[in-house]
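Hi,

Here is the structure I promised to pass on. Please load it first, then read my notes below.

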Amino acid sequence: MYDTEMITKNRNTILKEIEEYRKKDFTYKSGHILGSMCTQPYPIAKQAYMKFLETNLGDPELFPGTKEIEKKYIKFVLKLLNAPKTSDAIIGSGGTESNITAIWLAKKITGKKEIIIPENSHFSFEKIASLMDTKTVSIPLNKNYYVDIKKLEKKITNKTAAVVGIAGSTELGTIDPLPKISEICFDENIFLHVDAAFGGYVIPFLKQVGYNLPDFDFKLKGVSSISIDAHKMGCSAIPIGSLAIRDKKWLDEISVEAHCVSSGNQSGILGTRSGGPVAAAWAVSENLGIKGYKKIAQECMNTTNYLVKLIDEIGLQIIVKPTMNVVGIRVKRPSEIIKKLTKHGWKLNKMDRISCLRIVVMPHVTKRIIDEFIPDLEKICKDVGEI
Ligand code: PLP
């Protein structure tokens, strides 16, 4: 198929070059990435991914084995989300794509254009507004940094295509009062999309180890669809996210006849898509199982609580008690502090809206890393007069 006469540059030279580029990257393994919602994939992900490098789930008859794995992975996700028998899921590239697909679906089902979103929604909803001719109605948060339910209820009109609720916000990991939102949406027959891109792999496990968190999934009868990302707290390899939907019949709304590939009808946004991330996510879900995910979620929370304690001890304040493994640290000069932390090798993000630093306590952020980080944070905050 390929032969040596095609070669322009020697393989080893290219691999060496690649190595040099890669050395410029930050790594999760170093523990110094404190602001990402992704992490080092659980080891089996890599092996599974590599085996499926050439597969294409956009043409599933060519890859029936890969398709079988996808069905098994979907089954895992739907069970995790307490989905009914009528449900199904579309596997895509991550939370952005799932949110886009959900709103596409809501628009098609309702024929309406207004999307009600909490003020702290992920910026993918800005892309949606720009892409899809939707009007976004943004709802302020209450003092706990989740959506103000009374204000949300008032904005529902006969133009509403969907309400979005968040289960694990990008900014602070907060959860909207979804049981109440679900009731409202059920009574008014409104499409409710839950963005659990981050929290979907956290909340079920924390609930199982005794955390008192609200329901967010299909147990709530008003929930129509849910985004959940394996490449975040699912500890799998980028890119993979799922959009779970309550009724598989809805897929017809976002399907087209797929010519020249074997799928018949194709639902969702992507055409050609790799089976690699799907195989990886399924392998991780089998390898870790519920037991493993519970342990990971619990450990992340233990480290989160440890971080909060040390933040308090050096005289800084958190924005709100963490609901999950995301911590906001209140500062007056987030940009200046971030710049200095970057010089010390730490990568984390700021939020200008709330004026804070955000740390996501992913599995690679251990107590040892927090012990290394806090003295740097303390020194920098003293230098700039924050403490
Ligand atoms: N939704 C939430 C709540 C998120 O936190 C994120 C990303 O952090 C997204 C959606 C978008 O996910 P992705 O970057 O995988 O597209």
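How many nonpolar, polar and charged residues are in the lining of the largest cavity? I'll get to the count after the basics.

First, a caution: this is a predicted model.

The sheet
The sheet is open and has 7 strands. Their order is β1-β7-β6-β5-β4-β2-β3, and the pairing is mixed. From one strand to the next, the twist averages 20°. The edges are held by β1 (88-92) and β3 (135-139). Each has a single partner strand, so one side of each is left without a neighbour in the sheet.

For β1, look at β7 (residues 241-245). The two strands pair in the antiparallel sense, over 5 bridges. Ile 91 has Ser 242 in β7 as its bridge partner. In general, strands of a sheet pair through backbone hydrogen bonds, parallel or antiparallel.

The cavity
The structure holds 1 cavity of 30 Å³ or more. The volume of the largest cavity is about 30 Å³. Its lining consists of Ile 90, Ile 91, Gly 92, Glu 97, Ser 98, Thr 101 and Leu 243. Two elements give two or more residues to that lining: β1 and α4 (95-110).

Now the count. The lining of the largest cavity has 3 nonpolar, 3 polar and 1 charged residues.

One link to check on screen: Ile 91 lines the largest cavity, and Ile 91 is also the bridge partner of Ser 242 in β7.

Best wishes

Terms used. Residues numbered from 1 in each chain as written. Predicted model: local features only at pLDDT ≥ 70, side-chain atom pairs only at ≥ 80, totals over all residues. Heavy atoms only, no water. Pairing = 2+ DSSP bridges. Helix = DSSP H or I, 4+ residues; strand = E, 2+ residues; numbered from the N terminus. Axes fitted to C-alpha atoms, helices over the stretch in contact; angles between N-to-C directions. 1 Å grid on protein atoms, 1.4 Å probe; cavity = no way out; pocket = protein on both sides within 12 Å on 5 of 7 lines; lining within 4 Å. Points joined across faces, edges and corners; volume = space filled by probe spheres on them. Nonpolar A, V, L, I, M, F, W, Y, C, P; charged D, E, K, R; others polar.
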